[in-house]
Amino acid sequence: MALQSGSKNPLPGRILLITILLALLFLAGFALWGESLESALSVDNYVAILRRQGAWGWLAGVLLLISDLVLPIPATGVMCAFGIVYGFWLGWAGAAIGSMLAALLGYGLARLWGDKGASLLAKPEELREFRQLFQSWGDLTIILSRALPILPELMSLLAGLARMPFFRFFLVCALGTLPVSAIYCAWGSYMGAEAPLTAFLVAIVLPAI
């Protein structure tokens, strides 16, 4: 059934509201505990965590990236730490693996949640419309979201709710994850914790291309 012109589906609005609430919650945390959070979420802190674990530092970094699914951990800072500690190639491998595992976990949880869980957010007809919309725009949205905060985790969950085929999700997620993780690992490897604004711009523009 094709989407009808002028049909109104409140599900995207609910999703947008959830995203805004998550962002506001994160900002509220910085307003209350800004200095301590800034220290805890700094690249230097992640570098120290990876180095403290010795030979298992890479695993600690991967677990940090996976925990970004439920905790406000800036994945870009962890990716940068990978580049600082392990250099570009090994750092890129660890960062990409951790980021992909986080995405696959979110996708898998949403698929397990299934229609019964999705019914808490939308009526059956709304869910059908959403899945049709995701069929058209989901690929591009997932790729672009990998360079932004909060959205990667949300889009992984939505891909699962939309029943996006696994290999299709894996491919588009990799298309967004690999260039972004490469940029931040290169930033860490060659520039340390200090990076020019162009690094951020390239991390967003490159996946879009």
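This passage describes the helices of a predicted model, with attention to α5, α6 and the two cysteines C80 and C185.

The protein has 8 helices and 0 strands. From the N terminus on, its elements therefore read α-α-α-α-α-α-α-α. Of its 209 residues, 42% count as buried. Contacts between residues with a separation of 6 or more were also examined by sequence distance. Residues 24 or more positions apart account for 75% of them.

Helix α5 covers residues 124-145. A straight helix of 22 residues would span 32 Å at 1.5 Å a residue. The end C-alpha atoms of α5 span only 26 Å. The helix is also kinked, by about 65°. The kink is centred on W137. Several residues of α5 are buried. On the N-terminal side of W137 these are E126, L127, F130, R131 and F134. After W137 come G138, I142, I143 and S145. Two of the buried residues, E126 and R131, are charged under the classification used. An α-helix has 3.6 residues a turn, so residues three or four places apart point the same way. Such spacing appears in the buried set, for example in L127, F130 and F134.

Two packed helices are described by the angle between their axes and the distance between the axes. For α5 and α7, the axes come within 7 Å and cross at roughly 35°. On the α5 side, the contact is made by F134, Q135, D139, I142 and I143. On the α7 side, the partners are R168, F169, V172, C173, L175 and G176. The residues of this contact divide into 7 nonpolar, 2 polar and 2 charged. Three of the α5 residues in the contact, F134, I142 and I143, are also listed among the buried residues of that helix.

Helix α6 spans residues 151-161. Because 9 of its 11 residues are buried, α6 is largely enclosed by the rest of the structure. The buried residues are P152, E153, L154, M155, S156, L158, A159, G160 and L161. S156 lies in this helix. Its relative accessible area is 2%, so S156 counts as buried under the 20% cut-off. Leaving aside neighbours within four places in sequence, S156 is in contact with A103, G106, Y107, R146 and F169. One of these, F169, also takes part in the contact of α7 with α5.

Just after α6, the backbone takes a positive phi of about 60° at R163. Most residues other than glycine have a negative phi, and most peptide bonds are trans. R163 is a residue other than glycine, and its phi is positive. R163 sits in the loop between α6 and α7, the latter running over residues 166-191. R163 is partly exposed, with a relative accessible area of 45%.

The structure holds 0 disulfides. C80 is in no disulfide, and the nearest cysteine sulfur, that of C185, is 8.1 Å away. For C185, in turn, the nearest cysteine sulfur is that of C80, and C185 is in no disulfide. A disulfide requires sulfur atoms within 2.5 Å, so the 8.1 Å separation rules out this pair. Both cysteines are enclosed: C80 counts as buried at 0% relative accessibility, and C185 is buried with a relative accessible area of 0%.

How values were computed:
Residues are numbered from 1 along each chain as its sequence is written. This is a predicted model: local features need pLDDT of at least 70, side-chain atom pairs count only at pLDDT 80 or more; totals for chains, interfaces and linings use all residues. Side-chain values use heavy atoms; hydrogens and water are left out. Helices (H or I, at least four residues) and strands (E, at least two) are DSSP runs, numbered from the N terminus. Buried means under 20% relative accessible area, exposed over 50%, partly exposed in between (1.4 Å probe, protein chains only). The expected span of a helix is 1.5 Å times one less than its number of residues. The bend at a residue is the angle between axes fitted to the seven residues ending there and the seven starting there. Axes are lines fitted to C-alpha atoms, for helices over the stretch in contact, and angles run from 0 to 180 degrees between N-to-C directions. Contact means heavy atoms within 4.5 Å.
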